[in-house]
Amino acid sequence: MTIFDTVPLAELRQRTSIKWSHYAPDVLPCWVAEMDVPQAEPVIRAVTDAMVAGDTGYDTPTAYAEAFAPFALERFGWTVDVAAARTVPDVMTGIVEVIRLCTDPGDAVVINPPVYPPFTQFLEHADRRVVPVPLRGARLDLAALEEAFATATAGGRRAAYLLCHPHNPTGTVHTVDELRAVGELARAAGVAVVADEVHAPLVLDGTFVPAATVIPEAIALHSASKAFNLAALRAAVAVPGTAAVDRLARMSDVVADGVMHLATLAHAAAYRECGAWLDTLLEDLRTNRSLLQRLLAEQVTSARWEPGSGTYFAWIDLRQLGDDPAGTLLREARLAVNPGTTFGPEGAGFVRLNFAASTATITEAVRRMSGVLHG
């Protein structure tokens, strides 16, 4: 039995978050990035104790970084400069504020679709010009990045590169060599590197290498929200590489005013006290990944999926069902998965399935999928 099998489906359906409230009760939700797990006891205790004690005031500037630093050292071998880090309300807010530091309105920000949909939404809202450089397969296209960097900085304009590491939705974990190459290209072109590393603790194969340890000019965003299922208690930290300390220091103190103290307490408890819980989760995600791969191979032979090394997402090629297989699965199988096109036009014919779920849910999801494709 995995940690995901400890919460019955009937109990999950009592949750009111978007994963469980958006669709009708007959729909099996395997879409948004919420895990079907019980919350870790130290986090429950930290939040409960704070409420009982009335510890519901404003956050302190370095509390988040002080909790994250030992976790980063143990898990990633990364020595985080606590004094140089900045707490931000959440990852995407932090990304936008860092982008504001290194670009001007109308400047280009390069991204690698298919990629997390809010990248485009938030960047366009911040009046930045999104420049897509699609992945080649599931890897970075370095030659295309070099060309995009040169074009983005033509005429002396500033530009940034927003790296998703590990990559959502493919689960790709970028290698040291890839990160080093990105750093060299960005440095030569004068492009700032910003790394969304929210899924860093969820690497299932190998070791996660923080971008800022390879690219000194990079600024990375980290949060316990994904690995510990804390999206309802948002907080994050921006951590600079050794050559980006001065740049991040220019971030306005106003940004930190939006940080929830209760969220920091929850995340700090996760980082400090939930290492064993995370280890169990990772092992069970590996089990789920193997289960999903086996079931697809047995029951949905037309599906194509190369499991990534990170995250709890399966980026599945279902082009047999046309450009919008997610819509077909919802209508005909009452199965909710993320439409590939929301990650960019490169996602046409693909779906993103969240396998941070019970054995029964994964098994039923594949059964419903098979019924549409082979029924």
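This text describes two places in a predicted model: the surroundings of Arg 289 and the packing of helix α5 on helix α6.

Arg 289 lies in helix α12, which spans residues 275–299. Its relative accessibility is 11%, and because buried means under 20%, Arg 289 counts as buried. Two polar partners can be named for the side chain of Arg 289. One is the side chain of Asp 205, with which Arg 289 makes a polar contact at 2.9 Å. The other is a backbone atom: the side chain of Arg 289 reaches the oxygen of Gly 308 at 2.8 Å. Both partners reappear in the wider list of contacts. Setting aside neighbours within four places in sequence, Arg 289 touches Leu 204 and Asp 205, then Trp 305, Pro 307, Gly 308 and Ser 309, and also Phe 355.

The second place is a helix pair. Helix α5 covers residues 91–102 and helix α6 covers residues 118–125; their axes come within 10 Å and cross at roughly 45 degrees. An angle of this kind is neither under 35 degrees nor in the range 65 to 115, and so α5 is oblique to α6. The crossing of α5 past α6 is right-handed.

Which residues make the contact between α5 and α6? From α5 come Met 92, Ile 95, Val 96 and Ile 99, while α6 supplies Pro 118, Phe 119, Phe 122 and Leu 123. By class, the residues of this contact are eight nonpolar, with no polar and no charged ones.

Note on methods:
Residues are numbered from 1 along each chain as its sequence is written. This is a predicted model: local features need pLDDT of at least 70, side-chain atom pairs count only at pLDDT 80 or more; totals for chains, interfaces and linings use all residues. Side-chain values use heavy atoms; hydrogens and water are left out. Helices (H or I, at least four residues) and strands (E, at least two) are DSSP runs, numbered from the N terminus. Buried means under 20% relative accessible area, exposed over 50%, partly exposed in between (1.4 Å probe, protein chains only). A polar contact is a pair of N or O atoms within 3.5 Å; within protein, one must be able to donate a hydrogen and the other to accept it, and residues adjacent in sequence count only if both atoms are side-chain atoms. Contact means heavy atoms within 4.5 Å. Axes are lines fitted to C-alpha atoms, for helices over the stretch in contact, and angles run from 0 to 180 degrees between N-to-C directions. Angles under 35 degrees count as roughly parallel, over 145 as roughly antiparallel, 65 to 115 as roughly perpendicular and the rest as oblique. A crossing is left-handed if the near helix is turned anticlockwise from the far one by less than a right angle, and right-handed if clockwise. Ala, Val, Leu, Ile, Met, Phe, Trp, Tyr, Cys and Pro count as nonpolar, Asp, Glu, Lys and Arg as charged, and the others, Gly among them, as polar.
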